[in-house]
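Work through the exercises below with the sequence and the structure open. Each task is followed by a solution in steps.

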Amino acid sequence: MKKIIYSVIALSAAAATLLTACGSSDTSDNGDSTENQTEKVTITNVSYDPTRELYAAYNELFAAHWKELKGQDVEITQSHGGSGKQALEVANGLEADVVTLALEYDVNAVRDAGLIEDGWVSEFDKDSSPYTSTIVFLVRKDNPKDIHDWDDIVKEGVGIITPNPKTSGGARWNYLAAWAFAQKQYGDDEEQIKDFMKKLFANVLVLDSGARGATTTFVENGQGDVLLAWENEAYLSIQDHPDEYEIITPSISILAQPSVAVVDSVVDERGTREVATEYLSYLYSDEAQRLAGENYYRPSDPDILNEFSDTFDLDLDLVTIADFGGWDEAQEKHFTDGGIFDQIYEE
Amino acid sequence: MKRSGKRVIPGFGLSMGVTLTMVSLIVIIPLASLVVFSAKLSPADIWAAITRERVLASFKVSFLTALIASLINAVMGVILAWVLVRYDFPLKKLLDGLIELPFAMPTAVAGIALTSLTSDKGLIGQFFSRFGIKIAYTRIGITVALVFIGIPFVVRAVQPVLEKLDPSYEEAAGSMGASGSVIFRRVILPEILPAALTGTGLAFGRCLGEYGSVVFIAGNKPFETEITPLIIMSELQEYDYASASAIALVILAAAFLILFLVNLIQARNSKILGR
C-alpha cells in the first residue's frame with residue numbers, strides 16, 4: 001500500500017512540474033514580445049458566430065494600420081461560436097485580449113468573473129457598439145405567405161424558424177423585437193402581449209440552438225416560411241442564393257447592439273493593452289465603418305450609415321434595449337427560469 | 001486462476017499508482033466538482049430545479065429516445081457483428097472500419113448531415129414525407145441520431161466474443177437435430193448476451209448525454225423535442241451553474257445505475273457459465 005501512495009505522490013509531482021513548466025515558458029514568450037516592439041504581437045479576439053466574415057476582413061485592415069502606426073506586425077487569432085458560450089469560456093479562463101460579443105449581457109458575464117473592469121460600456125463610443133444590426137424577416141421568393149409585418153407571422157399556417165432565446169444571444173433580440181411590436185399594438189396590456197408572443201411561438205417549427213443553425217434549417221433544409229434573422233445574416237443568405245429569398249423589413253424592430261470590450265486582466269498580464277485598445281477603437285475609423293457596412297452591419301457613424309442607404313431600410317422604427325430597462329432587467333423578466341419566455345411554453 | 005502473494009509480473013505498485021492518479025484526475029475530481037456545484041443549492045432548490053415541468057418533459061424525451069435507440073442498436077449491432085465475423089465478402093475490411101466512424105466523427109457534423117438527409121426536403125426524408133412521416137425535427141429524428149451514435153458500442157462489444165465462439169458448437173447442435181432458432185437461442189445467445197448487454201448499456205449511457213448531433217436534428221421544441229442536455233446548456237447560458245449541475249447529476253446517476261445493473265447481470269451470467 002505504501003508503494004502505491006508513493007507512486008501517486010511521485011506522479012502528481014511529475015504532472016505538476018510538467019504543467020508549471022508549460023505555463024512558465026508561455027509567459028516568458030509573451031514577455032519577450034512586448035519588450036521588443038519590432039517583434040510580432042499576437043492578440044486573440046473572441047467573437048460570436050455571424051461576425052466571421054467581418055473580422056476576417058477587418059483583421060487585414062487593422063494589421064496594415066498597426067504596421068503603419070508602430071512598424072510592428074500584428075497577428076489576430078479569431079474564435080467564433082455562440083455568444084453566450086464564448087462569454088462563458090472567456091469567464092472560465094480562455095485567454096482573450098478583446099471580446100466582441102452579440103450583447104452587453106454576455107460581456108457583463110465576463111465582467112462578473114472579474115476579468116473586465118466596471119464601466120466598460122463607456123470605454124468606447126456609442127456604448128461600445130461600433131456597428132449595429134437589427135432583426136428582419138427572410139422569406140422565400142415572391143413572399144408566398146404575404147408576410148409584411150409581425151402580425152402576419154402569427155397567422156395560422158405560417159411556419160417560423162428562430163433560434164432559442166435561452167441558448168442564443170441573437171434570438172433574444174428576435175424575441176424582444178416581437179415584444180416591441182406587440183407593445184406598440186396593445187400598449188401596456190401585458191396579457192395581450194403575452195398572447196401575441198404565445199401565438200408567435202406556437203408557429204415556431206424549429207428552435208435551433210444558435211443563429212447559424214437556424215439559417216441552415218431555413219435555407220439548406222427548407223423548413224418554414226419565415227426566418228427571424230439578424231439583418232447581416234439575412235443579406236449573406238441572399239448573397240449566397242440570390243434568386244430564392246427576399247428580405248422583409250417589419251414596421252418596427254430592435255436596434256441590436258453587439259458589444260466590444262478589452263479584457264483588462266488579460267491585456268495587463270500579457271502587456272497587450274495598447275494594441276488591444278487600438279484594435280477596438282480603430283473599428284470606429286471611416287475605413288472600418290465602411291467595411292462593417294459592406295458586411296451588412298449598420299455602421300454606428302451616421303454619415304457612413306447614410307452612404308449605405310440603398311442597402312439598409314433607414315426609416316425602420318427601432319427600439320433599443322434601454323426601452324426594456326437594460327439587459328439585466330430584460331434578462332430577469334423574460335429569459336430566466338420561469339420568466340415570460342418559459343411561461344409562454346408552460347401555460 | 002491461481003493467486004499468490006508474489007506476483008509474476010512486476011510493477012504492480014507503479015501501475016496501480018498510474019491507475020489511481022488517472023481515475024481521480026479524469027473521473028473522480030470532475031464528478032466531485034459537479035456535486036460541489038449543485039451543493040450550492042439547498043435540497044429543496046435542487047428538487048425544484050429537477051422537477052420543473054419542462055425539465056421533466058426533457059427527461060422523458062431523452063430517456064425514451066435513448067431507450068428506443070439502444071434497443072434498435074442491440075438487435076442491429078448483433079446482426080452487424082455476426083455478418084462481419086462469420087461471412088467473407090469483398091470490402092469487408094472497409095465495412096469493418098466504417099462501423100467506427102461515429103466514434104471519430106465530430107457529432108455536430110453527423111447531426112447536420114443526418115438532418116439534411118432526413119428533413120422533408122432531403123433525400124431520405126422526401127420518401128418518408130410522402131407517407132406523412134416526418135423524421136427530422138421530431139423524436140424519430142432524435143432516435144435516428146442516437147442510433148448512429150450508439151451503434152459502434154454494440155458491434156465492438158459483441159465482435160470479439162463471436163470471433164472466439166467456436167462454430168463447431170453450432171455444428172454439433174445442428175447435427176443433433178436442433179433447428180436454427182434453437183441453436184441461436186440455446187447456443188449462441190448465451191455466449192454473446194453479456195457482451196451485447198455491455199455494449200447496449202454503454203450506448204444507452206452515451207445517448208443520454210449526447211448533445212452535439214441531436215440539437216441539429218431535434219427541433220428543440222419545449223415539451224416535444226427538447227432533450228435534457230439542451231436544458232443543461234440553457235442553464236449554463238444563464239450562468240446558472242448550480243441548476244445545470246443538479247440536472248446533470250440526474251442524468252449521471254441514471255447512466256451509472258444502468259451501467260452498474262449491466263455489470264451485475266454480467267457478473268451473474270459469468271458465474272452461471274462458470275467463468
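A residue is buried if 20 or more other C-beta atoms lie within 10 Å of its own, exposed if 12 or fewer, and partly exposed in between, with C-beta atoms placed from the backbone. Helices (H or I, at least four residues) and strands (E, at least two) are DSSP runs, numbered from the N terminus. The model is predicted: local features need pLDDT of at least 70, side-chain atom pairs count only at pLDDT 80 or more, and totals for chains, interfaces and linings use all residues. Residues are numbered from 1 along each chain as its sequence is written, and chains are lettered from A and ligands numbered from 1 in the order in which they are written.

**Exercise 1.** Determine which way the residues of strand β5 of chain A point, and which strands pair with β5(A).

Step 1. Strand β5 covers residues 160-163 of chain A; A:I160 and A:T162 point one way, A:I161 and A:P163 the other way. All are buried.

Step 2. Two strands pair if DSSP finds at least two bridges between them. β5(A) pairs in the parallel sense with β6 (residues 204-208) of chain A over 4 bridges, and A:T162 has A:L207 as its bridge partner there.

Step 3. With β7 (residues 226-230) of chain A, β5(A) pairs over 2 bridges, in the parallel sense. The bridge partner of A:I160 in β7(A) is A:V226.

**Exercise 2.** Give the strand order of the open sheet of 4 strands in chain A, and place helix α2 on it.

Step 1. The order is β2-β1-β3-β10, with mixed pairing. β2 (74-79) and β10 (259-262) of chain A are the edge strands, each pairing on one side only.

Step 2. Strands β1 (residues 41-47) and β2 of chain A run parallel and are joined by 6 bridges; A:T42 is partnered by A:E75 in β2(A).

Step 3. Helix α2 (residues 52-70) of chain A lies across β1 and β2 of chain A, at about 160 degrees to β2(A). Axes are lines fitted to C-alpha atoms, for helices over the stretch in contact (C-beta atoms, placed from the backbone, within 7 Å), and angles run from 0 to 180 degrees between N-to-C directions.

**Exercise 3.** Describe the side of chain B that touches chain A.

Step 1. In chain B, 32 residues are in contact with 28 residues of chain A.

Step 2. The largest share of this side of chain B, 7 residues, comes from α1(B).

How values were computed: Contact = placed C-beta atoms within 7 Å.
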